[in-house]
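Me: I would like to learn how to read the secondary structure and packing in a model of this kind, taking one feature at a time. Could you take me through it?

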Amino acid sequence: MPKLKYILVALLFINSVLHSQNKLMDSLNIELSKVKTDTGKITVLLKLCNACDIKENLKYANPIIDLTDKLLQTAKDSIYKEDLLQSRQRAVNTIIYYYITIEGRQSQKITEVYNKHVSICKKYNYTKGIADALFSMADIYNSLGEPIEKLNCLKEGYALMQQMKDKKAEARFIMQLSFFYAQFGDTAQALNYAKKSEELELQIADSSRISRGYVLRGAFYLDIKQYETAIINFKIAEKRYKAVKDTNALGEVYFGIGNVYQEKKDFVNALKYYQLYNDLVEAMHYEGNNKFAGKGGMADVYMIQKKYKEAFILHQEAYEYYKKLNPLLIGHYSRLLANDYYLSHDLKKAMMFANEALELAYKLNIAEHIYRSEKLVYQIDSASGNYKDALIHYQKYLTFKNKLNAEEVHKATVQEKFQNELTEQKSSQDKKDAINAEENKKQAIVRNSFIVGFILLLLFALFIFRAYKNKQKANLIITQQKAEVEKSKHIIEEQKKEVDERQKEIIESITYAKRLQEAILPPQAFIDKHIPDNFILYKPKDLVAGDFYWAESINDLFFIAAADSTGHGVPGAMVSVVCSNALNRSVKEFNLTDTGKILDKTRELVLETFEKSLSEVKDGMDISLLCIDQKNKLVFWSGANNPLWYIQENELKEIKADKQPIGKTEYPKPFTTHSIDYKKDTIFYLFTDGFADQFGGPNGKKFKYKQFSDLLLKHTHLSQEEQSAIISNTFNNWKGSLEQVDDVCIIGVKI
């Protein structure tokens, strides 16, 4: 009867989810039928890809491919081309996910889709797209057990990134090659690529990348069991992350060092570093899949030491936490608890948790988890004297064991074949090198003999002919050649000096641009003076950014805004300066205080600035502008494309923005001024789209606004400083190793 109850609850839950999903799909399909432009259709189709059932992936992804390919043929603006190629890549990922999930890993179709996408990216010189596609192909071939194809993808990516002079992408491929060769036992090659990676990262001179490189190399040296070198790399990373107070990355370092000491069987130090990881997690109030990673490591150590009671306490704590968070992890910890109870001879509880683990394993359809759970259930049945059920589960255990053994045999065969090929290639290369060395030796003997004979003949000729006159002539020639060499050397040195100076000027210019942009941002002390309870989370994608925040005080009114200028990097920063200046003029020069009229005047000034250009400029910004009148207890807001969220009495409310930018638009209209009830302890959130649009998580998808709003609502009781730290850590965890796609600016203000 209890099982029937769980099934009914599950069916009701699934039904509600499907109903919600169907409503969203219906809404998006209606929206799609109304969209007139191809660009608008692509936007809605991408939403449909995210919302639809996997079986319908091709239905919505293939039209995106057709539309982007069509628009790319006539697109001239480089940013627009990049947007189209990014949309195409997202569609490609959706199609691949379909082939892997529904059609059982169709490697030929997957290869065709990726090869076509790579050729399109090459055509438009889209380096990031090429790199991402080849990395994805390498992962697919790895999961299909085709190491030779994986190696070809990594080598092709490495060569292309060298050719296209993208050092950052090149460094990624080099590091993956080092891990690849380590996996197949070619330590010499693995170390060679690891060294190249370190040298290249130092050339790139990106502090965060250099720190990350030490973490990766620590993991790499752990893989090849060079434990002391692994610890050295992790320790360097620890020192660098402590200097910049990056607690999130520091946690990963502590966990890595704990793993090294556990492998070394130095359990005292392993427990020490796992505990350091735990302390950081607690201090950050971290919530997520990795919360119990440190405690999981400690539990593993306790199990090795046969301290089952200590391990059981940690397993139980993790189980209670993950019960509402992650079915994959709850299955893992159910199995561990079942084993704990089995070892302590509490067979009733052991069977309860073992059945839960088995049910989840079948639900997730993971062969290894089913195999382990079936084995545990039959062992508990046997110990309980339930031999009939034990036999049934034993047979299922054998079935999955044989299946996994067959997969391992196939994988081992492929790996052995690949390693034989590597050995043959190396042997063949050694033979070629030996032959070449012998040939070079023979040629050297012949060459040297010829030179000696020629010198003797020349000396004889010089002796016969008029030695003195010829000697003078020879000296004159040598003097002229020396002068030419000196002249050439001087020219080369001058050219090198010019190149070095240009590079230095470029770096200094970008650094100066950063200082200029920082100068337009209001000081934190100015904002704290008017609204003490606030936070500003500002994460530029590059050294300079398109996103910026703005604040001003006029009489009793305090204005604050989060803005997203067109583009990012240096072009975005230039646009942000124009837009910030226009805001300042609207308030200070034209004395405007109504938020809607401020945006109207700002748009007018931005357009006036760009109309001076001979070419058409469509740049501008999206903005969320808030005005607080603390004396009269009034709040006003206006927005261009970016909404306003605010929380009153534990409820998140939204005011939608006008669907038009601060910039050139086909049908401009006056911006709306919204009035909001002034209630104490209301928190206002102003933000750009960078956070919600960040790709990451387990499936490499966008974070999205719904998850963002849930995050804010969950932590609204915390201080603004704590909220900022949690939002920042959540962003970093979601992004993981993926590249940041856009600038991020989030402002929290509490009245």
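The dialogue that follows goes through the sheets, then the helices, and ends with a single residue.

Me: What should I know about the model before I begin?

Reply: This is a predicted model, in which local features need pLDDT of at least 70 and side-chain atom pairs count only at pLDDT 80 or more, while totals for chains, interfaces and linings use all residues. Residues are numbered from 1 along each chain as its sequence is written, and side-chain values use heavy atoms, with hydrogens and water left out.

Me: How do I read a sheet, and in what order do the strands of the sheet containing β2 lie?

Reply: Strands of a sheet pair through backbone hydrogen bonds, either parallel or antiparallel. Helices (H or I, at least four residues) and strands (E, at least two) are DSSP runs numbered from the N terminus, and two strands pair if DSSP finds at least two bridges between them. Here, five strands form an open sheet in the order β2-β3-β4-β5-β8, with antiparallel pairing. Its edge strands, each of which pairs on one side only, are β2 (547-554) and β8 (674-676), and the twist averages 20° from one strand to the next.

Me: How many bridges join β2 and β3?

Reply: Eight bridges join β2 to β3 (residues 557-565) in the antiparallel sense, and D547 has D564 in β3 as its bridge partner.

Me: Which helix lies across β3, β4 and β5?

Reply: Contact means heavy atoms within 4.5 Å, and axes are lines fitted to C-alpha atoms, for helices over the stretch in contact, with angles running from 0 to 180 degrees between N-to-C directions. Helix α23 (residues 595-610) lies across β3, β4 (621-629) and β5 (634-640), and runs at about 30° to β5.

Me: What is the strand order in the sheet that contains β9?

Reply: That open sheet of five strands has the order β1-β12-β9-β6-β7, again with antiparallel pairing. Its edges are β1 (534-539) and β7 (651-655), each pairing on one side only, and the twist from one strand to the next averages 15°. Strand β9 pairs antiparallel with β6 (residues 644-648) over three bridges and with β12 (residues 744-750) over five. In these pairings F684 of β9 is the bridge partner of Y646 and stands opposite V749 in β12. Further along the sheet, β6 and β7 are joined in the antiparallel sense by five bridges, where W645 stands opposite E654 in β7.

Me: Is β9 enclosed or open to solvent, and which helices lie across this sheet?

Reply: Buried means under 20% relative accessible area, exposed over 50%, and partly exposed in between (1.4 Å probe, protein chains only). Five of the five residues of β9 (residues 683-687) are buried, so the strand is largely enclosed by the rest of the structure. Both of its faces are covered, with I683, Y685 and F687 buried on one side and F684 and L686 on the other. Helix α24 (residues 705-714) lies across β6, β7, β9 and β12, at about 30° to β6, whereas helix α25 (residues 720-735) lies across β1, β9 and β12, at about 25° to β1.

Me: At what angle do α13 and α14 pack?

Reply: Two packed helices are described by the angle between their axes and the distance between the axes. Helix α13 (residues 267-284) and helix α14 (residues 293-304) pack at about 155°, with axes 8 Å apart. That makes α13 roughly antiparallel to α14, since angles under 35 degrees count as roughly parallel, over 145 as roughly antiparallel, 65 to 115 as roughly perpendicular and the rest as oblique. The residues making the contact include F267, L271 and Y274 of α13 and M298, V301 and Y302 of α14.

Me: How do α12 and α13 cross?

Reply: The axes of α12 (residues 247-263) and α13 come within 7 Å and cross at roughly 160°, and the two helices are therefore roughly antiparallel to each other. Among the contact residues are L250, Y254 and F255 of α12 and Y273, Y277 and L280 of α13.

Me: What accessible area does N93 have?

Reply: N93, which lies in helix α4 (residues 78-101), is partly exposed, with a relative accessible area of 37%. N93 and Y114 are 21 residues apart in sequence and 9.1 Å apart in space, C-alpha to C-alpha.
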